[in-house]
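Student: I'd like a close look at how the charged side chains sit in this protein. Could you start with the fold as a whole and then take me through them?

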Amino acid sequence: MIGQRKDDHVRLAVDQQRQHSGHNQFDEVSFVHHALAGIDRSDVSLATAFAGITWPVPLYINAMTGGSENTGLINRDLAIAARETGVPIASGSMSAYFKDPSCADTFSVLREQNPDGFVIANINATASVDKAQRGIDLLKADALQIHVNTVQETVMPEGDRSFAAWAGQIEKIAAAVDVPVIVKEVGFGLSRETVRLLKDLGVTAADLGGRGGTDFARIENGRRELADYAYLHGWGQSTVACLLDTQDAGIPVLASGGVRHPLDVARALALGASGVGASGGFLRTLLDGGLSALIAQLSTWLDQLAALQTMLGARTPADLAHCDLLIHGDLRSFCTDRGIDTRPLARRSGSLGTFDALDEMTGSTR
Ligand code: FNR
């Protein structure tokens, strides 16, 4: 039953990617162009560090799958792509393994194929501390993701209908395990209030998992006989809205959901993300073009992210958070209603030092 669901998710998610309009709210964030801000490519690093974690690159393959024969093969290829490009990778939800340990190899392949990489185990918020530990142990995981997905569960025909215990369970797991704990949404977004609560619960970092890419309301509705939850398609906050909403949330944030290309990665980093994840788009590349296409895509994204940093004058991904940004359209209205002043974002590049150095050279007092 779970195996069938995992296969359904892959099929429906890839169909959705093929039909996606290509537009989302990342388009409402643009960089102010400074023609002399550029630096030398040889001075650019892609390394990122947050909450004691260091990644060679700020991009990761986010949680997807495992639990059936087909998804085990997908995990094998995802793991090889992660290994070949140095990109961290998360497993799909490990509930299938807890229910039926005979599918363990469809998850453990992530570690077998990628012995030295950064691997993240993924569980749901009803998992016991014991299961959380079993998930970590199976993957020799470097971190644990706990997904929170009330909208998906609500629309999923066989989904969970009891959510009240989730916060308490997250707190117990965060206190018990000895790897960093990341709580993530699956495409509906985490609000400022939620991220503050997660901080109080002892969570290490929040993966905002916003709207704009894979829509699990649509996927689960496609699995319902009557498809009678269509009105929930598009629910939630976009990833960029979440980034703006959680500027002072108190714990590091990761951004995922609707990340389409390296410019979206740069936009998310500029809005304060410590790392940026993508799922559905990478899955589509793998299923349409095979493993070599996915490796090529990941390599191109990393190469172009370094090129964008060079052009924007950001030596590190964290430096992008000093670039001037403009917020447009509905995203701007969201900020107004949530009390977020976007104007400082458009005038913060002085702190990067680029213009200070130029001013010194020219004696200008801009
Ligand atoms: C997912 N996602 C997901 N998330 C999670 O925490 N546990 C899971 O088991 C899954 N399963 C899953 C299957 C498939 C096929 C896809 C495409 C995605 C959600 C994923 O991690 C991510 O939050 C969303 O897909 C939004 O990101 P993208 O797809 O827009 O980049």
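Tutor: Let's begin with how the chain folds back on itself. Counting contacts in the protein chain between residues at least 6 apart in sequence, 74% join residues at least 24 apart. Please keep in mind that this is a predicted model. The chain is built from 15 helices and 12 strands. Its radius of gyration is 20 Å, close to the 21 Å that the globule rule gives for 366 residues, so the chain is as compact as a globular protein of that length. Along the principal axes, the C-alpha trace spans about 70 × 45 × 40 Å. Of the 366 residues, 57% are buried. The accessible surface comes to about 15200 Å², and carbon and sulfur atoms account for 51% of that area.

With that background, take your charged side chains, beginning with glutamate 153. You will find glutamate 153 in helix H6, which covers residues 150-155. Glutamate 153 is buried, yet it has no salt bridge. Its nearest side chain of opposite charge belongs to arginine 161, 5.6 Å away. A salt bridge here needs the nitrogen and the carboxyl oxygen within 4 Å, so that distance does not qualify. What does the side chain of glutamate 153 reach instead? It comes to 2.8 Å from the backbone nitrogen of aspartate 160. Leaving aside neighbours within four places in sequence, the contacts of glutamate 153 are Gly159, Asp160, Arg161, Phe163 and Trp166.

Aspartate 245 offers another buried acid to look at. It belongs to helix H10, residues 239-245. Aspartate 245 counts as buried because its relative accessible area is 2%, and the cut-off for buried is under 20%. Here the side chain has a charged partner: a polar contact of 2.9 Å joins the side chains of aspartate 245 and arginine 338. These two residues are 93 apart along the chain, and their C-alpha atoms are separated by 7.4 Å. Without counting residues up to four places away in sequence, aspartate 245 touches Ser191, Arg192, Glu193, Phe334, Arg338 and Ile340.

For an uncharged example, look at valine 253 in strand E10 (residues 253-256). Its relative accessibility is 7%, so valine 253 is buried. The C-alpha atoms of valine 253 and glycine 275 lie 7.7 Å apart, with their positions 22 residues apart along the chain. Beyond the residues up to four places away, valine 253 touches several others, including Ala206, Leu208 and Leu243.

Now for the salt bridges themselves. The structure holds 21 of them. In one of these, arginine 76 and aspartate 77 meet at 3.3 Å, N to O. Arginine 76 is partly exposed because its relative accessibility is 37%, whereas aspartate 77, at 18%, counts as buried.

Helix H12 (residues 280-289) holds both members of another pair, arginine 284 and aspartate 288, which sit 4 residues apart, about one turn of the helix. Their side chains meet in a salt bridge of 3.0 Å, N to O. Arginine 284 is partly exposed at 32% relative accessible area, and aspartate 288 is partly exposed at 43%.

A further salt bridge links aspartate 341 with arginine 343, their closest N and O atoms being 3.1 Å apart. Aspartate 341 is partly exposed, with a relative accessibility of 41%. Salt bridges can also share partners: in this way Arg5, Asp8, Arg11, Glu158, Glu220 and Arg223 are joined into one network.

One last stop is helix H4, residues 105-112, which is mostly covered, with 6 of its 8 residues buried. Which residues of H4 are buried? They are Thr106, Phe107, Ser108, Val109, Leu110 and Arg111. Note that Arg111, a charged residue by the counting used here, is among the buried ones. The elements that cover the buried residues of H4 include helices H2 (69-85), H3 (95-99) and H5 (129-139), along with strands E5 (89-93) and E6 (119-124).

Definitions and conventions
Residues are numbered from 1 along each chain as its sequence is written. This is a predicted model: local features need pLDDT of at least 70, side-chain atom pairs count only at pLDDT 80 or more; totals for chains, interfaces and linings use all residues. Side-chain values use heavy atoms; hydrogens and water are left out. Helices (H or I, at least four residues) and strands (E, at least two) are DSSP runs, numbered from the N terminus. Buried means under 20% relative accessible area, exposed over 50%, partly exposed in between (1.4 Å probe, protein chains only). A polar contact is a pair of N or O atoms within 3.5 Å; within protein, one must be able to donate a hydrogen and the other to accept it, and residues adjacent in sequence count only if both atoms are side-chain atoms. Contact means heavy atoms within 4.5 Å. The radius of gyration is taken over C-alpha atoms; the globule rule is 2.2 Å times the number of residues to the power 0.38. Accessible areas come from the Shrake-Rupley method with a 1.4 Å probe; for residues, only the protein chains shown count as cover.
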